[in-house]
Amino acid sequence: MRFLTTILFFSQIICQDIGQKMIDNGDFESALNYYQYLLNEENLSKDDIIYNLATIYSSIDSLKKAEEFFDLAIQDSLNPSSELSYNRGNMLFKSKILEESLKSYRDALLKNPEDNDARKNYEFVKNEIEKRQQAQEKSQQKDENSEESENNDKNQKEDQNQKN
């Protein structure tokens with residue numbers, strides 16, 4: 001039994017290495033097909049395969065598929081890794097889902113406080129959210145001022161018409 005477990009463990013490592021070589025060579029299509037095939041194998045751990053699929057889809061900017069697989073990876077994992085949270089944050093940032101991206105970077109930092117890339121991305125996204133909020137506030141103020149100005153002009157015209 002121990003021998004069989006060892007063989008299964010090494011076969012999974014070798015399988016992952018083949019897919020990683022495809023990714024390293026830029027052959028994302030073959031890597032996607034390969035990991036999809038592995039996903040259907042009953043005796044392999046699905047966590048790494050799903051994560052790899054999510055990462056590949058994110059790399060080729062197929063963001064909806066990437067989000068689907070990242071969400072699946074998080075649901076299937078009892079304790080998602082900081083790497084999973086970090087890469088999910090990157091994908092969400094690419095998708096312009098800033099609040100969720102910020103949460104993913106925060107999760108990555110909670111799991112690995114020494115992750116400087118996650119910290120930089122967290123701060124960057126936090127600043128982007130603040131800039132967006134400030135821009136929205138300015139836009140609302142401008143709209144309110146514009147409406148007020150239009151109302152004042154209208155009132156002045158009505159006053160002039162009443163005087164005439």
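These are my notebook entries on one pocket and three helix pairs in a predicted model.

**Entry 1: the pocket**

I began with the largest pocket and looked up its volume, which comes to about 170 Å³. Next I wanted its lining: Asp-47, Asp-48, Tyr-51, Ala-73, Ser-77, Asn-79, Pro-80, Ser-81, Glu-83 and Leu-84. Two elements, helix H3 (46-59) and helix H5 (82-94), give two or more residues each to this lining. Which element gives the most? I found that H3 does, with three residues. I also sorted the lining by class and got four nonpolar, three polar and three charged residues.

**Entry 2: H3 against H5**

Since both helices turned up at the pocket, I looked at how they sit against each other. The axes of H3 and H5 cross at roughly 30 degrees and come within 10 Å. Angles under 35 degrees count as roughly parallel, so I noted H3 as roughly parallel to H5. I put the crossing down as left-handed. On the H3 side I listed Tyr-51, Thr-55, Ser-58 and Ser-59, and on the H5 side Glu-83, Leu-84, Asn-87, Met-91 and Lys-94. By class I have three nonpolar, four polar and two charged residues in this contact. A cross-check with Entry 1 was handy: Tyr-51, Glu-83 and Leu-84 belong to this contact and also line the largest pocket.

**Entry 3: H4 against H5**

My next stop was helix H4 (residues 63-76), which packs against H5 at an angle of about 150 degrees, the axes being 10 Å apart. Are the two roughly parallel or roughly antiparallel? The cut-off for roughly antiparallel is over 145 degrees, so I wrote down H4 and H5 as roughly antiparallel. Their crossing is left-handed. From H4 the contact takes Leu-63, Ala-66, Glu-67, Phe-70, Asp-71, Ala-73 and Ile-74; from H5 it takes Leu-84, Asn-87, Arg-88, Met-91, Leu-92 and Lys-94. I count them by class as eight nonpolar, one polar and four charged. I marked Ala-73 and Leu-84 here, as both are in the pocket lining too. Leu-84, Asn-87, Met-91 and Lys-94 of H5 appear in this contact and in the one with H3.

**Entry 4: H5 against H6**

Last, I followed H5 to helix H6 (residues 98-111), where the axes come within 8 Å and cross at roughly 160 degrees. H5 and H6 are therefore roughly antiparallel as well, and H5 passes H6 in a left-handed crossing. I listed Ser-82, Ser-85, Tyr-86, Arg-88, Gly-89, Asn-90, Leu-92 and Phe-93 from H5. Facing them in H6 are Leu-98, Glu-100, Ser-101, Ser-104, Tyr-105, Asp-107, Ala-108 and Lys-111. This contact divides into six nonpolar, six polar and four charged residues. I noticed that Arg-88 and Leu-92 meet H6 and are also in the contact with H4.

Methods. Residues are numbered from 1 along each chain as its sequence is written. This is a predicted model: local features need pLDDT of at least 70, side-chain atom pairs count only at pLDDT 80 or more; totals for chains, interfaces and linings use all residues. Side-chain values use heavy atoms; hydrogens and water are left out. On a 1 Å grid over the protein atoms alone, a cavity is a set of points where a 1.4 Å probe fits but cannot get out, and a pocket is an open set with protein on both sides within 12 Å along at least five of seven lines; lining residues have an atom within 4 Å of a point. Grid points are joined across faces, edges and corners, and a volume is the space filled by probe spheres set on the points. Helices (H or I, at least four residues) and strands (E, at least two) are DSSP runs, numbered from the N terminus. Ala, Val, Leu, Ile, Met, Phe, Trp, Tyr, Cys and Pro count as nonpolar, Asp, Glu, Lys and Arg as charged, and the others, Gly among them, as polar. Axes are lines fitted to C-alpha atoms, for helices over the stretch in contact, and angles run from 0 to 180 degrees between N-to-C directions. Angles under 35 degrees count as roughly parallel, over 145 as roughly antiparallel, 65 to 115 as roughly perpendicular and the rest as oblique. A crossing is left-handed if the near helix is turned anticlockwise from the far one by less than a right angle, and right-handed if clockwise. Contact means heavy atoms within 4.5 Å.
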